[in-house]
Amino acid sequence: MKQLIDLQTWNRREHFAFFGAFEEPFFGLVAPVECTGAQAEAKRRGVSFFLYYLYHAVQAANEVPELRTRIEDGQVYQYARVHASATLGRPDHTFAFSFIEQNDDLAGFVAAATAEMEAVQNSSGLRLSPTTARVDVLHCSAIPWVRFTGLTHARSFAHPDSCPKISFSQLYEEHGRTYMNVAVNVHHALADGYHVGQFLQAFERRLAVNERMSE
């Protein structure tokens with residue numbers, strides 16, 4: 001379900017007109033997110049850490065209305081909820097796109113993600129389809145081999161795109177705490193650094209809350 005935003009009364013109408021005219025309207029940043037204990041909590045729940053933090057990232061993004069906003073045919077819509085379109089890997093080191101429905105229940109999200117992972121393993125190519133190309137998604141990717149501090153995305157400027165892109169780095173330790181760098185790229189006509197900060201704070205808070213629950 002989505003709601004049309006009235007561009008005449010929208011408080012971002014000038015931002016939309018200004019940044020919407022850019023050849024490259026996306027901006028991005030990379031920030032560390034503490035996940036001390038979250039890996040152990042995922043193990044306690046019998047869930048892969050990737051699916052555990054992906055679930056919480058999707059939930060955190062849904063807390064920020066600007067990350068649920070999309071541009072479609074020149075109009076701006078805000079979705080009631082958004083889902084994950086994650087790149088999922090295969091043993092031959094290729095990957096494919098997926099669609100994982102948002103679910104407030106961790107077990108339900110994991111079940112949907114597991115089904116998509118199995119579908120990827122039993123396929124070849126990118127799995128391009130109307131489902132994996134939905135706009136009410138977050139483009140998510142994990143790069144667990146690299147502790148990156150910067151990241152860019154391949155983009156076709158001719159293809160309309162306003163979906164946020166969230167990437168997760170290799171885990172690392174500093175001063176006895178565990179961190180993961182998270183890259184967030186968003187369309188500047190729809191969101192600013194403040195909104196990216198809201199997402200990162202919500203994501204870190206969710207991981208910490210679930211960590212405390214296991215103590």
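Is R206 buried or exposed? R206 has a relative accessibility of 19%, and with the cut-off for buried set at under 20%, R206 counts as buried. Keep in mind that this is a predicted model.

I'll stay with R206 for a moment. Its side chain forms a salt bridge with E63, where the closest N and O atoms are 3.9 Å apart. R206 sits in helix α5, residues 193-213, and E63 in the loop between α3 and β3, so this pair ties together parts that are 143 residues apart in sequence. E63 itself is partly exposed, at a relative accessible area of 39%.

Now the other salt bridges. The search of the whole structure finds 13 of them. One of these joins R155 and E24, at 2.8 Å from N to O. R155 is in the loop between β8 and β9, while E24 is in the loop between α1 and β2, so here the linked parts are 131 residues apart in sequence. E24 counts as partly exposed, at 35% relative accessibility.

Then there is R45 with E41, with the closest N and O atoms 2.6 Å apart. E41 is buried, with a relative accessible area of 0%, whereas R45 is partly exposed at 32%. Those two also belong to a network of salt bridges that links E41, R44 and R45.

Next, the helices. α3 has 14 residues, and 13 of them are buried. From its first C-alpha to its last, α3 reaches 20 Å, close to the 20 Å expected at 1.5 Å a residue.

Helix α4 covers residues 106-121, 16 residues in total, and should span 22 Å; its end C-alpha atoms are 22 Å apart, which agrees. Which residues of α4 are buried? They are L106, F109, V110, A113, E116 and V120. These cover an arc of only 125° around the axis, which puts them on the same side of α4. The general point is that an α-helix has 3.6 residues a turn, so residues three or four places apart point the same way. As for what that side of α4 meets, the buried residues pack against α3, β6 and β7.

After α4 comes the loop that leads to β8, and L128 is found there. L128 is exposed, with a relative accessible area of 65%. Together with F95 and L126, L128 forms a nonpolar patch on the surface, with about 300 Å² of accessible area for the three together. R127 is placed in that loop between α4 and β8 as well. R127 has a positive phi of about 60° although it is not a glycine, and R127 is partly exposed, at 23%.

A positive phi also turns up at H93, about 70°, and H93 is not a glycine either. H93 is in the loop between β6 and β7, and at 75% relative accessibility H93 counts as exposed.

Last, strand β4, residues 75-79, which contains Y77. Y77 is buried, with a relative accessible area of 19%. How far apart in space are Y77 and I5? Their C-alpha atoms are 5.6 Å apart, with their positions 72 residues apart in sequence. Beyond its neighbours within four places in sequence, Y77 is in contact with several residues, including K2, Q3, L4 and R68.

Q75 is found in β4 too, and counts as partly exposed at 33% relative accessibility. With neighbours within four places left aside, Q75 is in contact with L4 and R70. The C-alpha atoms of Q75 and D6 are separated by 8.8 Å, and the two are 69 residues apart along the chain.

Notes. Residues are numbered from 1 along each chain as its sequence is written. This is a predicted model: local features need pLDDT of at least 70, side-chain atom pairs count only at pLDDT 80 or more; totals for chains, interfaces and linings use all residues. Side-chain values use heavy atoms; hydrogens and water are left out. Helices (H or I, at least four residues) and strands (E, at least two) are DSSP runs, numbered from the N terminus. The expected span of a helix is 1.5 Å times one less than its number of residues. Buried means under 20% relative accessible area, exposed over 50%, partly exposed in between (1.4 Å probe, protein chains only). The arc is that of the directions from the helix axis to the C-beta atoms. Contact means heavy atoms within 4.5 Å. Patches are made of residues with over 30% relative accessible area and no salt bridge: like charges are joined within 9 Å, nonpolar side chains (Val, Leu, Ile, Met, Phe, Trp, Tyr) within 5 Å. Accessible areas come from the Shrake-Rupley method with a 1.4 Å probe; for residues, only the protein chains shown count as cover. A salt bridge is a side-chain nitrogen of Lys or Arg within 4 Å of a carboxyl oxygen of Asp or Glu.
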